[in-house]
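Thank you all for coming; today I would like to walk you through one structure, a part at a time. Please have the sequence and the model open as we go.

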Amino acid sequence: MSKSLNELLECFHEVASNPKAQKEKYLKEGKKIVLVTYYTPEEIIHSMGAVPFGVWGGDFPISEAKKYFPAFICSVLQSIHELGLRGAYDGASAIVIPSLCDSLKVIGQNWKVSVPDIKFVPMTYPQNRKPDFGHDFTRAGYERVIKDVSEATGLSFDENKLADSIAIYNEHNKVMREVAEVLADHPEVNNHQRSDIFKSATFMLKEDHTELVKELIETLKASEPGTAKIRIMTSGILADAKGLLDVFDDNGLQIVCDDVCAESRQYKSDSPDAGTPMDRLVAKFCNMDDDTLLYDETKHRIEMIIDEAKAHKAAGIVVVMTKFCDPEEFDYPLIKKAADAAGIPCLNIEVDRQMTDYAQCRTAVETFKDLL
């Protein structure tokens, strides 16, 4: 029997709001868990029979992790480390951390000595990823991940199985891109529920999440859209804080598209069809563009944001700025300048994983709403 819209949305919410239960479920099934974050090669881990399990931190006061970091560092990574220190990830075999920014480099080295029961697996990506030497460098990084994950889990790698995992991930990318478009025309799904759909994907095996999303798409397409709201686009690393989404929902704003690292941004690049499975996975990363953490001297991402906002008829752009995220901070003036030139109102909101008071954010959004 098919589920109703509310039942489907509740399924996503249960997973998104209680990743610990999801982690324990997989462990009871006898599965190995490998923690993953920004642009880690999940297909490799999946093909080895382990569960790639997303870590993006959480919204709470940070205490223990402050012993390892200066105050001026990304709170997303601080909260990931804090959860590791508190034992929230106990049972996981390893964590794969890429060195895409200075903060990611720091957490990897600190993790190695402070959470020794969960093996730190470094993933070093090239910034010059387009030339052949960029592909070779990426491949070498993936081979290091295979070696380290095998040591941590006792599982072996088979490139034929990697082909199957690539197919599963490509299909998941496709349905996530589709659901984002469908949700844009269904304002009855609020911003919290939209966030749950993306967030739950990081805690589930992709084949299971794909089936749930497909069912949601069919249900939405068969239903009448709700009352229209003010359409906005979001951009940033994370935009899932309850306080922030409350402010958006209370003011009748609907996120109709996003350039958020933990949401749509990670589903833009598929593994191509040509080549061996490892060639295809390497090409997936090397083909990636339009991201603050990936080198691009042309800054095409700025043009992409404006084009996306126009294509989705967004009345405004909200840049959700993670405090102390240098790459995002460098891009903001360019986004603001381009938005002004295009006649699209643009609001910058600074967020921190330790925020508890969103009064200032609420005032800014209320003013922005009046402008829209």
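**Cavities, a helix and a loop**

Let me begin with the largest cavity, where the residues of the lining divide into 14 nonpolar, six polar and four charged. I should say straight away that this is a predicted model, so please hear everything that follows as a description of that prediction.

The space in this largest cavity comes to about 310 Å³, and 24 residues line it, with Y39, T40, E42, Q266 and K284 lying nearest its centre. If you would like to find the lining by element, look at α3 (42-47), α7 (159-184) and α11, each of which supplies at least two residues. Which of the elements gives the largest share of this lining? That is α11, from which three residues come.

The second largest cavity holds about 100 Å³ of space. Of the 14 residues that line this second cavity, D59, L238, V351, D352 and R353 are the closest to its centre, and the elements that contribute two or more residues to its lining are α4 and β7 (316-322). By class, the lining of the second largest cavity has eight nonpolar, two polar and four charged residues. To complete this part, the structure holds four cavities of 30 Å³ or more, among them the two I have just described.

Now let us turn to a helix, α5, which covers residues 102-114. Helix α5 has 13 residues and reaches 19 Å from its first C-alpha to its last, close to the 18 Å expected at 1.5 Å a residue. Which residues of α5 are buried? They are S103, L104, I107, G108, N110, W111 and S114. It may help to recall that an α-helix has 3.6 residues a turn, so residues three or four places apart point the same way. As for what covers the buried residues of α5, the list includes β1 (33-36), α4 (75-86), β3 (94-98) and β4 (119-123).

My last stop is the loop between α11 (277-286) and α12 (300-311), where D290 is found. The phi of D290 is near 60°, a positive value in a residue other than glycine. K299 lies in the loop between α11 and α12 as well, and its phi is near 50°, again positive in a residue that is not glycine. Are these two residues buried or exposed? D290 counts as buried because its relative accessible area is 12%, whereas K299, with a relative accessible area of 34%, is partly exposed.

How values were computed
Residues are numbered from 1 along each chain as its sequence is written. This is a predicted model: local features need pLDDT of at least 70, side-chain atom pairs count only at pLDDT 80 or more; totals for chains, interfaces and linings use all residues. Side-chain values use heavy atoms; hydrogens and water are left out. Helices (H or I, at least four residues) and strands (E, at least two) are DSSP runs, numbered from the N terminus. The expected span of a helix is 1.5 Å times one less than its number of residues. Buried means under 20% relative accessible area, exposed over 50%, partly exposed in between (1.4 Å probe, protein chains only). Contact means heavy atoms within 4.5 Å. On a 1 Å grid over the protein atoms alone, a cavity is a set of points where a 1.4 Å probe fits but cannot get out, and a pocket is an open set with protein on both sides within 12 Å along at least five of seven lines; lining residues have an atom within 4 Å of a point. Grid points are joined across faces, edges and corners, and a volume is the space filled by probe spheres set on the points. Ala, Val, Leu, Ile, Met, Phe, Trp, Tyr, Cys and Pro count as nonpolar, Asp, Glu, Lys and Arg as charged, and the others, Gly among them, as polar.
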